[in-house]
Amino acid sequence: NLTGADGSWANVPAAGSPYAAVVDPELGRVALPPVAGGAKAPTLTVSYHYGFNAEMGGGEYARANSFRVTDEKRIFPYPDTAAVPRYNDLQSALDFAVVELTVEGQVALEFTSSGTFTLSGGAPLTIDLPAGTTLELRAADGARPTVLLDNEISASGSTDSSLIVNGLVIGGSAGMAPAIPTPEALIHVPALTPDGKTNLLGELELTHCTLVPGWSVNTSAQPVHGTAPVLVVEPAGVKIASEFSILGALRVGELATVSLSDSVVDATDRANVAYAALDGESGGAALTMIGCTVVGKIHAEELTLVSNSIVWAALAELDTWPSGLVADRKQVGCVRFSFLPVNAITPRRFKCVEQALAAAQPIFFTLRFGKPAYLKMLACTSDRIRRGADDGGEMGTFHFVLAPLRESDLNVRLREYLPVGLEVGLVYQS
């Protein structure tokens, strides 16, 4: 047992210990005895299996069909494997990729392992794309790299440029904290490019990614900066898209557009702001959500479409918001087959469930990111929600798993082969 008070360590081996290492399998901690004299400390490599409820948020599952850049000649590994290194750190690798974009319009910079890459230097990681180009910053198929930042990623570009982030887990390092002017978020799309011109980035796409809610978590799985946004978008006209991703809170200027599908937006608390404009209060960009779960309040200028989703929001004491879900324009858009907070202000609805006293509501295993059952609903959740989607499946981010439909099919098939007088039931694995 290596746990001590307040998350500290206990029972760490002393110098001269007969053990090469001590392992706490419950906490996942490994402690090595101190190295005597000038001896070199041993290299510790740990392999593990990452379990989750679905193929989302980055993982070692197959993702090759989601890759935008497929030409092997336009894929560059990180770290560099060339005999004469072309780049030594992530910033120089991104600079190299941008130069390559001037030769041909699409380039992928690919993390080749599932290691942890901790950045240092203190300056923002800057990406500025030429017009009409696409840069894909991605993990190789079968890899799940973790990038720990010490400052934000600043993304900009010229007309019709696209930045795609695929398969990465991005969080803040131990020393990273919200500050003015930087870092404001894990990924920041500023109004201006590094040379002071208007940022005309056309698209930012997040696929199979995790932008850690709260930037990082402590040893008790509590968010370190629970109210800090993971994505801040300032320019007009940029399109933000997310698929199969886990995100923290978003701040998006009203003249952009945001489309989320099969994703999580987690503000780390129901009363925190999950989606709003840059000031964290007024209405953010036009929002589309299909098969999403949001933990926290939403204020959007327009809800273009909300379908098969859950908005798990509540008002804090003395809160000035009228509801946990507010759309400024109620004459356009549609909200369908979704769970909504009390007194939600929305455009027209179709077969939605609004939270009310003693009414149906989702029952989650846990709301805390990092837990294996994160945002998974218990089977005892009312069928108004667990089978309330447009196809009879569950509302929320795990809709695409089709679990209730699979259960129904399994029960039908089992009864075909069940001997007379016997019954069958399902036992859920936790």
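**Entry 1: helix α1 and the strands beneath**

I began with helix α1, residues 90–101, and found that it lies across β3, β4 (106–111) and β7 (134–139), running at about 160° to β4. I note here that I am reading a predicted model. Following the chain between β3 and α1, I looked up the loop that holds Pro79, and I recorded that the peptide bond leading from Tyr78 into Pro79 is cis, with omega near 0°.

**Entry 2: the eleven-stranded sheet**

I then traced the sheet to which β3 belongs, and wrote down its order as β3-β4-β7-β10-β13-β16-β19-β22-β25-β28-β30, an open sheet of eleven strands with parallel pairing. I looked next at the edge strands, which are β3 (75–78) and β30 (349–350), each of them pairing on one side only. As a general reminder to myself, the strands of a sheet pair through backbone hydrogen bonds, in either a parallel or an antiparallel sense.

At the β30 edge I checked the neighbour, strand β28 (residues 335–336), and found that β28 and β30 pair in the parallel sense over two bridges, with Val335 standing opposite Arg349 in β30.

**Entry 3: strand β11 and its partners**

Which strands pair with β11, and over how many bridges? On looking, I found that strand β8 (residues 146–149) pairs with β11 in the parallel sense over four bridges, while β11 and strand β14 (residues 210–211) are joined, again in the parallel sense, over two bridges. For individual residues, I noted that Leu149 has Gly172 as its bridge partner in β11, and that Ile170 stands opposite Leu211 in β14.

I also asked myself which way the residues of β11 (169–172) point. Val169 and Gly171 point one way from the strand, Ile170 and Gly172 point the other way, and all are buried.

Beyond β11, in the loop that runs to β12 (187–189), I located Pro183, and I recorded a cis peptide bond from Thr182 to Pro183, with omega near 0°.

**Entry 4: positive phi outside glycine**

Lastly I looked up two residues for their backbone angles. Asn11, in the segment before β1 (22–24), has a positive phi of about 60° although it is not a glycine. Is Asn11 buried or exposed? I count Asn11 as exposed because its relative accessibility is 58%, and the cut-off for exposed is over 50%.

Phe244, which I found in the loop between β16 (239–243) and β17 (246–247), is likewise not a glycine and has a positive phi of about 50°.

Technical notes. Residues are numbered from 1 along each chain as its sequence is written. This is a predicted model: local features need pLDDT of at least 70, side-chain atom pairs count only at pLDDT 80 or more; totals for chains, interfaces and linings use all residues. Side-chain values use heavy atoms; hydrogens and water are left out. Buried means under 20% relative accessible area, exposed over 50%, partly exposed in between (1.4 Å probe, protein chains only). Two strands pair if DSSP finds at least two bridges between them. Contact means heavy atoms within 4.5 Å. Axes are lines fitted to C-alpha atoms, for helices over the stretch in contact, and angles run from 0 to 180 degrees between N-to-C directions.
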